[in-house]
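Trainee: I would like to go through this model step by step. Can we start with the sheets and then turn to the helices?

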Amino acid sequence: MTLQQLKYIVTVAECGNITEAAEKLFIAQPSLTSAIHNIEEEMGITAFIRSNKGVELTRDGETLLSYARQILEQTDVMTEHFKGERNQKPRFSVSCQHYSFAVNAFVDVIREYDADAYSFILRETQTYEIIDDVAVGRSEIGILYLSEHNEAVLSKLINKNDLNFEELYIAKPHVFISNNHLLANKEEITIQDLMPYPYLVFEQGKHNSFYFSEEFLSSLEFPKNIMVRDRATLFNLLIGLNGFTVCSGIIDTELNGENIISKPLDSDCSMRIGILTRKNSVLSRYGVSYLNVLKNHLSID
């Protein structure tokens, strides 16, 4: 199997359509169809299920796609190492929970590697998707936290997907509230203090259990709960409804605004924030740079 064939697999999977993939690859559709068929025969699998709507990956196809992405990614890393950045379009992607420090580090990397053309991706997404993104190669690095509440389940899933978790920072849980909130003047907030107010959490889709929650108190029952999909909506509701959310306490006024403040939560637990990477993989220069500036942001905060 050649690197070109691996690119065929990735492109067809991303397009979900042979015709579109052929156009993107600048080859004839029959040639691409034949190449995919040859790959399937060589591997002894069916990678794609074909229909009138296009193609979908089988379970074996998903595994093949994961390996293909890893090989192509590592080939790019090797090429950059020996040939430098000449003729190389910077490509890098991160999947993370909704952390301002992750965004700040991403900005720093783009500024460092500013070029005439680049393709960088930052996905603030659901916890399960972070693990899946790194496992199949959609992202080079994932960022999430482990705690005594979710570690058993998430660690099992991380190991099952051949990933490593590297701890970067241990945070005590904090409450994010509006600076006009009735609890804003308290030095420390208790769980009982929070009971009358709406609890704002990020929706986790079909994996919406407290094991996958970004918010530290999701194992507890609060009378008022609101689920959202993005950070801006959460903060708008937090201000408008006197709501709260619970996270690391690392806050950035430029990204989150001066109306949001962080207060320590009365709790003996902690959040172990870290990165996910694939086992036995070598980070690209962008991945190395991102990890370094991420550590810097966490140490500053």
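Trainee: What is the strand order in the open sheet of five strands?

Mentor: Keep in mind that this is a predicted model. The pairing in this sheet is mixed. Neighbouring strands are turned against each other by 20° on average, direction ignored. The order reads β4-β3-β5-β12-β6.

Trainee: Which strands stand at the edges of that sheet?

Mentor: Look for strands with a single partner strand. One side of each is then left without a neighbour in the sheet. The two are β4 and β6 (163–171).

Trainee: In which sense do β3 and β4 pair, parallel or antiparallel?

Mentor: β3 covers residues 91–96 and β4 covers residues 119–124. Six bridges link the two strands. One bridge sets S95 opposite its partner R123 in β4. The sense is parallel.

Trainee: What is the hand of the β-α-β crossover from β3 to β4, right or left?

Mentor: Follow the chain out of β3. The path goes through helix α5, residues 100–112, before it arrives at β4. This crossover is right-handed.

Trainee: Which residue is the bridge partner of I170 in β12?

Mentor: Start from the strand pair. β6 and β12 (residues 271–278) run antiparallel and are joined by eight bridges. Within β12, the partner of I170 is R272.

Trainee: At about what angle does helix α6 run to β5?

Mentor: Helix α6 spans residues 127–136. The helix lies across β3, β4, β5 (141–146), β6 and β12. Its angle to β5 is about 140°.

Trainee: Next, the open sheet of three strands. What is its order?

Mentor: Pairing here is antiparallel. The edge strands are β10 (245–247) and β11 (260–264), each pairing on one side only. From one strand to the next, the twist averages 35°. The order is β10-β7-β11.

Trainee: Which residue in β10 stands opposite F176?

Mentor: Three bridges connect β7 (residues 174–178) with β10 in the antiparallel sense. Opposite F176 stands T245.

Trainee: What angle does helix α9 make with β7?

Mentor: Helix α9, residues 231–240, packs on this sheet. The helix touches β7, β10 and β11. Its direction and that of β7 make about 65°.

Trainee: On to the helix pairs. Is α1 oblique or parallel to α2?

Mentor: Two packed helices are described by the angle between their axes and the distance between the axes. Here the axes of α1 (residues 3–15) and α2 (residues 18–25) come within 8 Å and cross at roughly 130°. That angle makes α1, relative to α2, oblique.

Trainee: How many residues are charged in the contact of α1 with α2?

Mentor: On the α1 side are Y8, T11, V12, E14 and C15; in α2 they meet I18, E20, A21, K24 and L25. Sorted by class, six are nonpolar and one is polar. The charged residues number three.

Trainee: How many charged residues does the contact of α2 with α3 have?

Mentor: The axes of α2 and α3 (residues 29–43) are 9 Å apart, at an angle of about 105°. Therefore α2 is roughly perpendicular to α3. I18, T19, A21, A22 and L25 of α2 meet Q29, L32 and T33 of α3. By class there are five nonpolar residues, three polar and, for charged, no residues.

Trainee: And how is α1 placed against α3, roughly perpendicular or roughly parallel?

Mentor: Their axes come within 10 Å and cross at roughly 110°. Q5, Y8, I9 and V12 of α1 make the contact with L32, A35, I36, I39 and E42 of α3. Seven of these residues are nonpolar, one is polar and one is charged. The crossing angle makes α1, against α3, roughly perpendicular.

Conventions:
Residues are numbered from 1 along each chain as its sequence is written. This is a predicted model: local features need pLDDT of at least 70, side-chain atom pairs count only at pLDDT 80 or more; totals for chains, interfaces and linings use all residues. Side-chain values use heavy atoms; hydrogens and water are left out. Two strands pair if DSSP finds at least two bridges between them. Helices (H or I, at least four residues) and strands (E, at least two) are DSSP runs, numbered from the N terminus. A crossover is right-handed if, with the strands pointing away from the viewer, the path from the first strand over the helix to the second runs clockwise. Axes are lines fitted to C-alpha atoms, for helices over the stretch in contact, and angles run from 0 to 180 degrees between N-to-C directions. Contact means heavy atoms within 4.5 Å. Angles under 35 degrees count as roughly parallel, over 145 as roughly antiparallel, 65 to 115 as roughly perpendicular and the rest as oblique. Ala, Val, Leu, Ile, Met, Phe, Trp, Tyr, Cys and Pro count as nonpolar, Asp, Glu, Lys and Arg as charged, and the others, Gly among them, as polar.
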